[in-house]
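Work through these exercises with the structure open beside you. Try each task before you read its solution.

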Amino acid sequence: MARRQKTVITCAITGAIHTPTMSGALPFTPDDIASQAVAAAEAGASVLHLHARNPHDGSVSLDPEHFAAFLPRIKQATDAVVNISTGGSLKTAIEDRIAPAKRFSPEMCSLNMGSMNFSFHPLAKRYDNWTFDWEKDYVESSDGYIFRNTFRDIGTVAESLNPHDIKFEHECYDVGHLYNLKFCMDTGLFKPPIFIQFIFGILGGIGPEVDNLIFMKRTADRLFGEDYRWSVLGAGGAQMPLATTASQMGGNVRVGLEDSLFIARGKLAENNAQQVAKIRRIVEELGHDIATPEETREMLALKGGDRVAF
Ligand code: KMH
Ligand code: ZN
């Protein structure tokens, strides 16, 4: 009998797009980040993609001390793979963005594969009363943010983190980013199997149509052949539909409040685990199994949870 497909569920717990005003469920204290991450792992996420936030005002933080407040707690309570963001707050220099990963040497890190105007400014119109002073300007002025990920930046991340044997989640927001990744592969920067996160629906990147998913997948097949594993992140309302399609196409999926605050049309999610439980149910009902952390480690050739520095 054919082996059932194992689907890796990544859960991105909190991130750089959303702010506390947008949802009370978005975690920003170490306690909430840790407990939501653990619950997401218990619900079926084998990879936890993590950003830190300033616990006093909920803003995105790159301070390694803010990561130190939750990473050991997550490690003690779950066997899930920890993936630390190097995307940072979208406005910070690459050296600062790498600092948490360099200090904690996780099994995985994100690595954004091209520069873009990563924008979420249309969200600002939806809210009147902001909880913290920084939020409105942060969201509104994202129409001017250049999310800088030059070839030199990508090289800096690789040179700094390759000695830690970290597997990258290569975040590709458009088809050109796949070619950037191929160029880097050809220069020997990354060794297979690489892990690509196809990202759809971020303003400034490719839109969330199924046609685009097929186009990205076909392009990656051509460029990387057997050397890659892949996953899909649909932002906002595209999260569950694209994750469902990806899993049916043989791919892996990413959910979490970093990428969408919702559990259904117009209904805010109560927490990250609720989104994990939903995609898990869909994946299993449609005939696949979810991957355990150990299966994920094998599939992505990770160094192992005993080789992290937290
Ligand atoms: N929220 C994603 C679309 C990173 O952390 O490196 C972007 C992201 C960036 O995950
Ligand atoms: Zn992220």
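This is a predicted model. Keep that in mind throughout.

**Exercise 1. The zinc site**

Task: Find which residues coordinate the zinc ion (ligand 2), and how they are spaced in sequence.

Solution.
- Step 1. Look for the donor atoms. His49 and His51 each give NE2, and Glu258 gives OE.
- Step 2. Read the distances. They run from 2.0 to 2.1 Å.
- Step 3. Write the spacing of the donor residues. The pattern is H-x1-H-x206-E.
- Step 4. Check the two histidines for burial. His49 is buried, and so is His51.

**Exercise 2. Strand 2 and its partners**

Task: Describe the surroundings of strand 2 (residues 9-12), face by face and partner by partner.

Solution.
- Step 1. Take one face. Ile9 and Cys11 lie on this side, and both are buried.
- Step 2. Take the other face. Thr10 and Ala12 are buried there, so both faces of strand 2 are covered by the definition of buried as under 20% relative accessible area.
- Step 3. Find the pairing with strand 11 (residues 252-255). The two strands run parallel and are joined by three bridges. Thr10 stands opposite Arg254.
- Step 4. Find the pairing with strand 3 (residues 47-50). This pairing is also parallel, over three bridges. Here Ala12 stands opposite His49. His49 is one of the zinc donors from Exercise 1.
- Step 5. Add the helix. Strand 2, helix 1 (residues 30-43) and strand 3 form a β-α-β unit, and the unit is right-handed.

**Exercise 3. One residue: Ile9**

Task: Decide whether Ile9 is buried or exposed, and say why.

Solution.
- Step 1. Place the residue. Ile9 belongs to strand 2.
- Step 2. Read its relative accessibility. The value is 0%.
- Step 3. Apply the cut-off. Buried means under 20%. Ile9 therefore counts as buried.
- Step 4. Compare sequence with space. Ile9 and Ala43 are 34 residues apart in sequence, and their C-alpha atoms are 10.0 Å apart.

**Exercise 4. Strand 7**

Task: Work out how many residues of strand 7 (residues 108-112) are buried, and which strands pair with strand 7.

Solution.
- Step 1. Count. Five of the five residues are buried.
- Step 2. Sort them by side. Met108, Ser110 and Asn112 are on one side, with Cys109 and Leu111 on the other.
- Step 3. Take strand 6 (residues 81-84). Strands 6 and 7 pair in parallel over two bridges. Asn83 has Met108 as its bridge partner.
- Step 4. Take strand 8 (residues 167-172). Strands 7 and 8 run parallel, with five bridges between them. Met108 stands opposite Lys167.

**Exercise 5. Helix 9**

Task: Find which residues of helix 9 (residues 239-248) are buried, and what follows the helix.

Solution.
- Step 1. Count. Seven of its ten residues are buried.
- Step 2. Name them. They are Gln239, Met240, Leu242, Ala243, Thr244, Ala246 and Ser247.
- Step 3. Recall the helix geometry. An α-helix has 3.6 residues a turn, so residues three or four places apart point the same way.
- Step 4. Look past the end. Gly250 follows helix 9, and its phi is positive, near 95 degrees.

**Exercise 6. Empty space**

Task: Locate the cavity and the two largest pockets, and sort their linings by class.

Solution.
- Step 1. Search for cavities. One cavity of 30 Å³ or more is found in the whole structure. Its volume is about 170 Å³. Among its 21 lining residues, His51, Phe118, Glu171, Tyr173 and Glu258 are closest to the centre.
- Step 2. Class the cavity lining. Ten residues are nonpolar, seven polar and four charged.
- Step 3. Turn to the largest pocket. Its volume is about 410 Å³. It has 21 lining residues, and Leu123, Arg126, Gly201, Ala235 and Gly236 lie nearest its centre. The classes are 13 nonpolar, six polar and two charged.
- Step 4. Turn to the second largest pocket. It holds about 240 Å³. Of its 15 lining residues, Asn162, Asp165, Ile166, Lys167 and Lys191 lie nearest its centre. Strand 8 gives the most to this lining, with three residues. The lining has nine nonpolar, two polar and four charged residues.
- Step 5. Link back. His51 and Glu258 line the cavity, and both also coordinate the zinc ion.

Key
Residues numbered from 1 in each chain as written. Chains lettered and ligands numbered in written order. Predicted model: local features only at pLDDT ≥ 70, side-chain atom pairs only at ≥ 80, totals over all residues. Heavy atoms only, no water. 1 Å grid on protein atoms, 1.4 Å probe; cavity = no way out; pocket = protein on both sides within 12 Å on 5 of 7 lines; lining within 4 Å. Points joined across faces, edges and corners; volume = space filled by probe spheres on them. Nonpolar A, V, L, I, M, F, W, Y, C, P; charged D, E, K, R; others polar. Helix = DSSP H or I, 4+ residues; strand = E, 2+ residues; numbered from the N terminus. Donors = N, O, S within 2.8 Å, 3.2 Å for Na, K, Ca; no water. Buried < 20%, exposed > 50% of the residue type's maximum accessible area, 1.4 Å probe, protein only. Pairing = 2+ DSSP bridges. Right-handed = clockwise from strand over helix to strand, strands pointing away.
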